[in-house]
Amino acid sequence: MQPHFYAILLAGIAGLSMPLGGLLAWCEHISNPVLRNRVLHTIAAFGGGALASAVALVLVPEAAEALPAAWAVGLFAAGGLVFYLVDTLLQRHGGSGALLLAMLLDYLPEAMALGAMLVADAATAKLLALMIFLQNLPEGFAAFREVWSGDSPAWHVLLLFLGLAALGPACALAGLFWLAEAHAVLGGIMIFAAGGILYLLFQDIAPKAHSSRSSAPALGAVAGFALGLAGHLLIG
């Protein structure tokens with residue numbers, strides 16, 4: 001199989017877990033309100049833990065190796081600042097999409113890295129695609145619950161998620177053709193995204209995932225980070 005078709009296939013499969021997670025959230029019907037609240041908070045926390053692992057184990061370390069220290073710190077801070085401004089703008093207009101933004105900030109740079117990785121190590125690229133799929137599934141579930149208000153048909157949101165997932169193959173192709181040797185550019189994109197994810201994680205995702213009635217969400221966050229750690233150790 002040609003590398004560009006391989007990049008499209010792997011990134012496409014990895015991204016499909018976003019609409020799949022949304023579909024599972026749409027079909028979810030837990031009648032017990034206490035149990036339902038606990039499950040939804042735990043899934044959101046799991047997604048947050050997975051995002052934290054992406055920042056700590058993939059985005060920042062990979063970028064730090066490719067960039068001078070001053071650039072790395074500056075771009076990380078810039079990512080947090082830019083998404084502070086984006087989040088503030090969303091709140092002023094009554095929108096809520098922190099999980100969706102964080103999911104994209106994680107998925108798109110990793111899709112670029114996946115495409116770039118195909119040049120040197122196709123086997124590791126396959127494993128990375130699997131880990132992206134597993135991370136995006138709970139993130140897609142939680143993001144759907146956050147974005148869908150019930151005022152519009154759920155399939156509108158699912159189509160949005162499907163369209164966003166389609167950005168992954170485009171990013172993988174960019175990584176394959178233009179960024180495989182441009183390590184500094186890819187590193188800059190990744191660490192900028194890491195700053196944005198960290199801001200959204202503490203500003204919006206973690207507070208909403210917290211439950212005063214149960215410790216299950218906190219354990220869910222640990223499980224999400226453990227998933228990312230397992231993938232990192234397998235890839236490494």
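Author: Before we start, a word on terms: a helix here is a DSSP run of H or I with at least four residues, and helices are numbered from the N terminus. Please also keep in mind that this is a predicted model.

Reader: Thanks! In which helix is Leu137 found?

Author: Leu137 is partly exposed, with a relative accessible area of 23%. In space its C-alpha lies 8.3 Å from that of Gly47, although 90 residues separate the two in sequence. The helix in which Leu137 is found is H5.

Reader: What distance does helix H5 reach from its first C-alpha to its last?

Author: Helix H5 covers residues 122-147, which makes 26 residues. At 1.5 Å a residue, 38 Å would be expected. The model comes close to this, with a reach of 35 Å.

Reader: At which residue in H5 does a kink lie?

Author: The kink amounts to about 25°. It comes shortly before the proline Pro138. The residue at the kink is Asn136.

Reader: Let's turn to helix H2. How far apart are its end C-alpha atoms?

Author: Helix H2 has 34 residues, running over 33-66. At 1.5 Å a residue they should span 50 Å. The value in the model agrees with that expectation, although H2 bends by about 40° at Val55; the end C-alpha atoms are apart by 48 Å.

Reader: Now the aromatic rings. How many residues apart in sequence are the parts that Phe83 and Phe192 tie together?

Author: A search of the whole structure finds four aromatic pairs, and Phe83 with Phe192 is an edge-to-face one, at 6.4 Å centre to centre and 65° between the planes. Phe83 lies in helix H3 (residues 69-92) and Phe192 in helix H8 (residues 183-209), so the pair ties together parts whose separation in sequence, in residues, is 109.

Reader: Is Phe83 buried or exposed?

Author: Its partner Phe192 counts as partly exposed, at 25% relative accessibility. Buried means under 20% relative accessible area. Phe83 is at 11%, so the word for Phe83 is buried.

Reader: And what kind of pair do the rings of Tyr84 and Tyr199 make?

Author: This pair also links distant parts of the chain, with Tyr84 in helix H3 and Tyr199 in helix H8, 115 residues apart. Tyr84 is partly exposed, with a relative accessible area of 41%. The ring centres are 6.1 Å apart, and planes over 60 degrees apart count as edge-to-face. The planes of Tyr84 and Tyr199 stand at 85°, so the pair is edge-to-face.

Reader: Which residues do ring pairs link into a cluster?

Author: Ring pairs can also join up beyond a single couple of residues, as they do here. The cluster is made of Phe144, Trp148 and Phe161.

Reader: On to the surface. Which helix gives the most to the nonpolar patch?

Author: The patch covers about 730 Å² and is made by Leu16, Leu20, Leu23, Leu24, Trp26, Trp155, Leu159 and Leu162. Two elements give two or more residues to the patch: helix H1 (3-27) and helix H6 (154-165). One of the residues in H1 is Leu23, which is partly exposed at 35%. With five residues, the element that gives the most is H1.

Reader: Finally, how far is Leu234 from Leu130 in space, C-alpha to C-alpha?

Author: Leu234 is found in helix H9 (residues 216-235). At 58% relative accessibility, Leu234 counts as exposed. Leu234 and Leu130 are 104 residues apart in sequence, and in space their C-alpha atoms are separated by 11 Å.

Definitions and conventions:
Residues numbered from 1 in each chain as written. Predicted model: local features only at pLDDT ≥ 70, side-chain atom pairs only at ≥ 80, totals over all residues. Heavy atoms only, no water. Patch = residues over 30% accessible without salt bridge, like charges linked within 9 Å, V, L, I, M, F, W, Y side chains within 5 Å. Areas by Shrake-Rupley, 256 points an atom, 1.4 Å probe, with all protein chains shown as cover. Salt bridge = Lys/Arg side-chain N within 4 Å of Asp/Glu carboxyl O. Buried < 20%, exposed > 50% of the residue type's maximum accessible area, 1.4 Å probe, protein only. Expected span 1.5 Å × (residues − 1). Bend = angle between axes of the 7 residues up to and from the residue. Phe/Tyr/Trp six-rings, centres within 6.5 Å; stacked < 30°, edge-to-face > 60°.
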